[in-house]
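Trainee: I would like to go through this model step by step. Please show me the sequence and the structure.

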Amino acid sequence: MSTTHFTSLTDLASRALGGSVSAANDELFAQRENLIKPDAPLFDPADFGHKGKVYDGWETRRRRDEGGYDWAIVRLGAPGIVHGVVVDTAHFTGNYPPFVSVEAASIEGYPSLDDVLKAEWHTIVDKSAAVGDTANTYEVADRHRWTHVRLSIYPDGGVARFRVHGEVVQDPRFLGGTIDLLAAENGARLTDCSDAFYSSPANIILPGRARNMGEGWENSRRRNGGNDYAVFALAAPGAPRHVEVDTSYYVGNAPGWVRLSAIDSRRRHITDPTAWTEILERTAVQPDTRHRFLLNETEAYTHLRLDVYPDGGLSRLRLFGELDADALDAADVAWKSSELQSVSSAV
């Protein structure tokens with residue numbers, strides 16, 4: 001186990017991205033759905049229920065058979081290449097599993113649970129030691145594309161959260177026409193930001209509308225001049241057509257102004273400040289408002305920079321546009337090259 005950079009990649013399993021815990025063989029003490037909640041696990045020492053201590057996680061009963069184990073299956077929010085997983089046993093101290101393993105499957109379409117259980121599963125994390133009350137990290141070397149993962153715990157116990165970090169590999173058949181180039185579910189990701197004191201700007205490219213201020217990006221209050229910013233890698237190179245800047249729920253802490261700039265890193269280096277093109281000039285925005293701005297861009301870009309002045313939060317940011325021909329070809333190659341030779345089919 002080692003703490004690695006893969007945790008900065010998108011959590012493909014997160015409920016915020018549309019993930020689901022399809023099944024578990026046992027969840028007597030705490031339900032399986034807790035595994036993929038995007039927020040950190042909570043713990044109240046005084047909270048007991050009819051079945052015992054209440055945990056914000058997945059917990060199975062004590063096994064009395066030899067050689068058995070428990071498992072839970074997660075359907076990823078978006079198919080992707082897994083770079084590493086986190087099995088977080090936060091608050092599980094005398095009831096954590098001493099060993100875990102992870103398998104993965106790639107299944108076309110929308111399979112039934114029976115089809116998922118019968119799928120061809122491949123080990124991506126061998127049976128490995130785990131520690132209690134710890135975010136246990138495991139790197140994954142396999143670079144195939146997966147749609148489902150199965151966490152196994154030996155012999156039983158509790159896991160608070162299960163994170164599956166990696167790259168979204170979008171089906172190129174869905175990339176034609178106008179799409180959200182900045183959507184995490186299409187493969188976009190945060191690469192840099194000035195401040196994420198309260199919450200990360202990675203939140204503002206998640207699916208759907210934010211339900212409260214905690215589901216957006218909020219930085220700290222600036223006291224020393226300058227401004228805050230966030231940089232994103234687009235899902236694929238594309239030409240922006242319009243942008244949506246949503247400050248919903250940010251009533252007293254929205255930015256006063258925003259500015260957008262973009263770059264094509266295939267031709268210019270992103271560390272060169274003169275290589276960025278302004279696509280939305282510094283523009284005033286209102287609190288608790290969903291703004292839409294037309295863009296007059298014909299060039300394709302790979303990265304977007306959002307500047308907020310002087311600070312302040314957003315709930316969502318969308319950048320709608322079309323992929324260029326090279327990007328569509330590259331998406332097709334990426335999809336095919338990440339596919340298993342024999343992919344389970346359940347349509």
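Trainee: How many of the 19 residues of strand 16 are buried?

Mentor: First, the ground rules: this is a predicted model, where local features need pLDDT of at least 70, side-chain atom pairs count only at pLDDT 80 or more, and totals for chains, interfaces and linings use all residues. Residues are numbered from 1 along each chain as its sequence is written, and side-chain values use heavy atoms, with hydrogens and water left out. Strands (E, at least two residues) and helices (H or I, at least four) are DSSP runs numbered from the N terminus, and buried means under 20% relative accessible area, exposed over 50%, partly exposed in between (1.4 Å probe, protein chains only). Strand 16 covers residues 228-246 and is mostly covered, with a buried count of 15.

Trainee: Which residue of strand 20 stands opposite Gly238?

Mentor: Two strands pair if DSSP finds at least two bridges between them. Strand 16 and strand 20 (residues 301-309) pass that test, with seven antiparallel bridges. Opposite Gly238 in strand 20 is Tyr301.

Trainee: And in strand 21, which residue stands opposite Gly238?

Mentor: Strand 21 spans residues 316-323 and runs antiparallel to strand 16, with eight bridges between them. Look across from Gly238 and you find Leu323.

Trainee: Which residue of strand 19 stands opposite Val245?

Mentor: Strand 19 (residues 290-294) pairs with strand 16 in the antiparallel sense, over five bridges. Across from Val245 sits His291.

Trainee: How many bridges pair strand 15 with strand 16?

Mentor: Start from one facing pair: Cys193 is opposite Ala230 of strand 16. The two strands are antiparallel, and their bridges number four.

Trainee: Why is strand 7 largely enclosed by the rest of the structure?

Mentor: Strand 7 covers residues 99-105, seven in total. It is largely enclosed because the number of its residues that are buried is six.

Trainee: Which residue of strand 11 is the bridge partner of Val102?

Mentor: Strand 7 has antiparallel partners. Strand 9 (residues 122-129) joins it over five bridges, and there Val102 is opposite Val125. Strand 11 (residues 145-154) joins it over seven bridges. In strand 11, the partner of Val102 is Leu151.

Trainee: What does Ser128 contact, leaving aside neighbours within four places in sequence?

Mentor: Ser128 is part of strand 9. Contact means heavy atoms within 4.5 Å. With those neighbours set aside, the contacts of Ser128 are Pro98, Phe99, Val100 and Tyr138.

Trainee: Is Gly80 buried or exposed?

Mentor: Gly80 belongs to strand 6. Its relative accessibility is 0%, so Gly80 counts as buried.

Trainee: What separation do the C-alpha atoms of Gly80 and Arg145 have?

Mentor: Gly80 contacts several residues beyond four places in sequence, including His144, Arg145 and Trp146. Along the chain, Gly80 and Arg145 are 65 residues apart. In space, their C-alpha atoms are separated by 4.9 Å.

Trainee: How much space lies in the largest pocket?

Mentor: On a 1 Å grid over the protein atoms alone, a pocket is an open set of points with protein on both sides within 12 Å along at least five of seven lines, and lining residues have an atom within 4 Å of a point. Points are joined across faces, edges and corners, and a volume is the space filled by probe spheres set on them. The lining here has 32 residues, with Ser14, Ala16, Pro38, Asn203 and Leu206 nearest the centre. The space in this pocket is about 970 Å³.

Trainee: Which strand gives the most to the lining of the second largest pocket?

Mentor: The second largest pocket holds about 660 Å³. Its lining has 26 residues, and among those closest to the centre are Gly77 and Pro79. The top contribution is five residues, from strand 6.

Trainee: Where does UniProt place "domain: Allantoicase"?

Mentor: The feature comes from an unreviewed entry. UniProt positions use the numbering used here, feature names are shortened, and annotations may be inferred rather than shown by experiment. In the model, residues 18-168 are 3% helix and 48% strand, while residues 187-322 are 0% helix and 44% strand. The record places the domain at residues 18-168 and 187-322.

Key
1 Å grid on protein atoms, 1.4 Å probe; cavity = no way out; pocket = protein on both sides within 12 Å on 5 of 7 lines; lining within 4 Å.
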